[in-house]
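I opened this notebook to record what I looked up in the model and in what order. The entries follow below the display.

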2 protein chains.
Amino acid sequence: MTAPARTQKQRREEAEAALLDAAAELVAEQGLRALTLARVGERAGYSRGLVTHYFGSKQALVERLARAAQSGFVPGLADLPPGPDRLLRLIDGYLAQQTKHERPLNRAFLLLWMEAATSPDLARLFADRTEAFRTDLREDLTAGIAEGTIRPDLPVEETTAAIVAQLRGIAIQLLVTPESLDLPALRVFLTDHWRRALTGGGHGLTR
Amino acid sequence: MTAPARTQKQRREEAEAALLDAAAELVAEQGLRALTLARVGERAGYSRGLVTHYFGSKQALVERLARAAQSGFVPGLADLPPGPDRLLRLIDGYLAQQTKHERPLNRAFLLLWMEAATSPDLARLFADRTEAFRTDLREDLTAGIAEGTIRPDLPVEETTAAIVAQLRGIAIQLLVTPESLDLPALRVFLTDHWRRALTGGGHGLTR
DNA sequence: CTCCATTTGTTGGTCGACTGACAAGTAAGT
DNA sequence: ACTTACTTGTCAGTCGACCAACAAATGGAG
């Protein structure tokens, strides 16, 4: 056997990825309470014992999953310079992301973040992600203030907190009762709403 | 025994209230996963069997608890007539409520609402409450538009959704990492923010 | 290159703990 | 007496963890 079908490294990585995918799916579908080691293993196409063998414990699996779930970003924003335009596109992009049959990791992120309310371990993990989110917004706001396109008396900290909370609040409401929100209309409304709020007047921001 | 210390009705009602209180405490502390029939009974000062006897099943207990948790209102608003002032006080009052070592029912409400994301039964229960919340806001907005204190082109539906989501998003963030938010500053910011947004200009609403 | 000892991947059995439900029993109120 | 409040015993199911075993891959010695 000089040329085995799959090397050990491959086998391990494939299995580990499959297990994490399965875990994300389960959380996305039914929340943490549906995440049992047996289900993860079997949905991934393996046996129930493998998860423990690789991740050590259920808690370790959840932590790994939580880290993996934090990678969700709004695409197409990296090229934009910080400023109000990027911020508005971030808002719009975030909301747009919630509509498309959300990838499991997207749903899993929100559900795990909610679980963090009653789990200090998770809370610590998610603090970073939230802070990174707010940091991006902070950059946009300070850049806008510096270039004069955002009113200088806008409270930066409070604004970032308000935006993050609003976006996540909408995302959660969409999880609970999707039909109670008109997401396309909300996208239009919120971009316009924040455009007005940042400039301080009723005028458009660009042009 | 012609004069018993407590009548049967009293005993039942006391016990039932104690059980519901205990259930709310448990959910507030650790979420639904900590809500076991045995714990509820024993924390309430009874035996583990009583919960089933009164409520029939765990699901029935959770539903009762969910209904009880929906009674949280911002006090001191009933006397105000619908309009932007009442709306702003509702926002401020809602946020103020999140600071004071939240009564268990307050926390329990949010946590159960989050659980509703992965539990259709709960989702149905909470749809009403959210709708009632939004209805109040709707009344304020339409009244303000009618009396001319709110800009007439404000999209009412989207605004109510945005406010509810924002308030709940903040409340959840406070549950997860309370220290990451400056609540007093947020109260000031948000009332001012919405005052501006409703009028459409940078002017104050009253006076 | 090949064989074999060793490591690593993977499985299924099993144990102890916990949980919800129920039923049979005791005590208190009517 | 009889109903209602309340407790205790118990059962069946589920779960996380550990373990012993088999299978596949690896690497070094001949």
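The entries cover the relation of the chains, the two DNA strands and the aromatic rings.

**Entry 1. Status of the model.** I note at the outset that this is a predicted model.

**Entry 2. Relation of the chains.** I looked up how chain B is brought onto chain A. A rotation of 179° with 0.0 Å of shift along its axis superposes the two, at an RMSD of 0.1 Å. I record this as a two-fold axis, because the rotation and shift have that relation. I also found that both copies use the same surface, since 100% of the contact residues of chain B recur in chain A.

**Entry 3. DNA strand D.** Which residues come nearest to DNA strand D? Of the 23 residues around this strand, I listed A:Thr7, A:Lys58, B:Ser47, B:Arg48 and B:Tyr54 as the nearest. Sugar and phosphate make up 75% of the atoms of DNA strand D that come within 4 Å of the protein.

I then turned to individual polar atoms. The side chain of B:Ser47 places an N or O atom 2.7 Å from a phosphate oxygen of DNA strand D. For A:Arg39, a polar side-chain atom is 3.3 Å from a phosphate oxygen of that strand, whereas A:Arg11 has one 3.0 Å from a sugar or linking oxygen.

By element, I found at least two residues of this surface from each of α1 (8-30) and α2 (37-43) of chain A, and from each of α1 (8-30) and α3 (50-55) of chain B. The largest share, four residues, comes from α1(B). I counted the surface near DNA strand D by class as seven nonpolar, eight polar and eight charged residues.

**Entry 4. DNA strand C.** I repeated the search for DNA strand C, which 24 residues surround. The closest are A:Arg48, A:His53, A:Tyr54, B:Thr7 and B:Lys58. Of the strand's atoms within 4 Å of the protein, 76% belong to sugar or phosphate, and the rest to bases.

Polar side-chain atoms of A:Arg12 and B:Arg39 lie 3.0 Å and 3.2 Å, respectively, from a phosphate oxygen of DNA strand C. B:Arg11 has a polar side-chain atom 3.1 Å from a sugar or linking oxygen of the strand. The elements giving two or more residues to this surface are α1 and α3 (49-55) of chain A, with α1 and α2 (37-43) of chain B. By class, I noted eight nonpolar, eight polar and eight charged residues near DNA strand C.

**Entry 5. Aromatic rings.** I found four aromatic pairs over all chains. I also looked for charges over rings. A:Arg168 lies over the face of A:Trp113, 4.6 Å from the ring centre. In chain B, the charged end of B:Arg168 sits over the ring of B:Trp113, at 4.6 Å from its centre.

Key: Residues are numbered from 1 along each chain as its sequence is written. Chains are lettered from A and ligands numbered from 1 in the order in which they are written. This is a predicted model: local features need pLDDT of at least 70, side-chain atom pairs count only at pLDDT 80 or more; totals for chains, interfaces and linings use all residues. Side-chain values use heavy atoms; hydrogens and water are left out. Rings of Phe, Tyr and Trp (its six-membered ring) pair if their centres lie within 6.5 Å; planes under 30 degrees apart count as stacked, over 60 as edge-to-face and the rest as tilted. A charge sits over a ring if NZ of Lys or CZ of Arg is within 6 Å of the ring centre and within 35 degrees of the ring normal. Copies are superposed by least squares on the C-alpha atoms of residues with pLDDT of at least 70 in both. Contact means heavy atoms within 4.5 Å. A residue is near a molecule or strand if one of its heavy atoms lies within 4 Å of it. A polar contact is a pair of N or O atoms within 3.5 Å; within protein, one must be able to donate a hydrogen and the other to accept it, and residues adjacent in sequence count only if both atoms are side-chain atoms. Ala, Val, Leu, Ile, Met, Phe, Trp, Tyr, Cys and Pro count as nonpolar, Asp, Glu, Lys and Arg as charged, and the others, Gly among them, as polar.
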